[in-house]
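This report is written for a reader who is meeting the structure for the first time. Please look over the sequence and the model before reading on.

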Amino acid sequence: MQRLVEKRHAYAIDGDVAFHVPSFAEYGKLSRRDLDSQIAGARVEEDRRKRDPRDFFLWKAAKPGEPSWESPWGAGRPGWHIECSAMSVKYLGEGFDIHAGGSDLIFPHHENEIAQSEAASGKAFARVWMHNGMMNVARGDGEDEEKMAKSLGNVVGLREMLDRVGGPALRYLYIAAHYRSDLLYSEGSVEQARGALDRLQIGRQTIDRLMGKTTKTGGSDLAELEEARRVAKEEFHDAMDDDFSTPRALAALHGLVGAVNRLGAEASASFAPSEEGRTRLSAARDTLVGLAGVLGLGLEEASIPRGLTTDLIQLLVELRQKAREAGQYEIADEVRSRLAGLGIVLEDRQDETTWRLR
Ligand SMILES: [Zn+2]
């Protein structure tokens, strides 16, 4: 504050200190507000003693009974904006890389931080600004969205969300929207996030299943899968290089899973990958698991329940198939429901039954 007063960017009035906005020519460069909306935004705290309606207080003189600190201008307390500049300059230096914050703080808070910091130091304050959107809530399906705010009594704490939604699905929900966009927390959006995460997980399991097919002579070389993998990887990198566009990055992963699913659905009982096909399946799995991991989504190999092995499960699936062919549907249904009880889901396709872990 002393430096700003010395450089005539700030002035003292009756124990207060105000920043003089017209003294900083670049004011408005972050929020790109024009002069009129800068003034309109400042009206709330209009004070006739200010030289310009946009001037803001760096220091306020103490009112009786308020906590206060001594200063060259008498007892008082710092204004909100100056606290942030003082803290970031103390811990990060006069210029630093990334300043983050909610989009509701761009004006006037961050604009004022830039003005007072750069006017004092003569150096660029933050090189990159990352502003996140707001979280909205819908109380029920089809209900209107509203901002999550203490004043509306609709705040859900992170701990409660973790309990209700679980870590992985919550993480998916957060990155399903671009960080600069608003985010909706509702039963529906949580369900969607869960379903989408499941689809990625199942994609990985499908690759595992296809790799488990024993190689016969010839076999498929899966050139289309390799092309889908290449496209997904390129798309993912492109998206993340574009201001961390996580929705596009996730779409790229789902594109790859789509190709895997088509392959899984078309693969007949006699399907087997060639040696090259296996290499490509393995590469597709590495790409899917690796890129999902970049986003913090762990697509782990699903663990088979204790006491079971893939061979045993396959045996049960084949015996159930024999029972169906013999018209013993009750037995077939019982095998299906008992396996479901163990967390193994059977999917009947045209000429084959496949299984996956739930
Ligand atoms: Zn701040």
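The text below goes from the whole chain to its domains and then to a few local backbone features.

This is a predicted model, in which local features need pLDDT of at least 70 and side-chain atom pairs count only at pLDDT 80 or more, while totals for chains, interfaces and linings use all residues. Residues are numbered from 1 along each chain as its sequence is written.

The chain has 12 helices and 11 strands, where helices (H or I, at least four residues) and strands (E, at least two) are DSSP runs numbered from the N terminus. The radius of gyration of the chain is 30 Å, well over the 21 Å that the globule rule gives for 358 residues, so the chain is more spread out than a compact globule; the radius is taken over C-alpha atoms, and the rule is 2.2 Å times the number of residues to the power 0.38. Along the principal axes, the C-alpha atoms fill a box of roughly 95 × 40 × 35 Å. Of the 358 residues in the chain, 24% are buried, a residue being buried if 20 or more other C-beta atoms lie within 10 Å of its own, exposed if 12 or fewer, and partly exposed in between, with C-beta atoms placed from the backbone.

The domain assignment of the chain gives domain 1 (2-132), domain 2 (197-294) and domain 3 (310-357), with bounds that come from an automatic or database assignment. The centres of domain 2 and domain 3, taken over C-alpha atoms, are separated by 26 Å. Their contact takes 7 residues from domain 2 and 7 residues from domain 3, two residues being in contact if their C-beta atoms, placed from the backbone, lie within 7 Å. On the side of domain 2 that touches domain 3, helix H7 (residues 187-211) gives the most, with 3 residues.

Most residues other than glycine have a negative phi, and most peptide bonds are trans. The table lists two residues that have a positive phi although neither is a glycine.

| Residue | Phi | Place |
|---|---|---|
| Arg 8 | about 65° | loop between helix H1 (2-6) and strand E1 (10-13) |
| Leu 222 | about 55° | loop between H7 and helix H8 (223-241) |

Are these residues buried or exposed? Arg 8 is exposed, with 10 other C-beta atoms within 10 Å, whereas Leu 222 counts as buried, with 23 C-beta neighbours inside 10 Å. The peptide bond from Phe 107 to Pro 108 is cis, with omega near 0°, and Pro 108 lies in helix H4 (residues 106-121).
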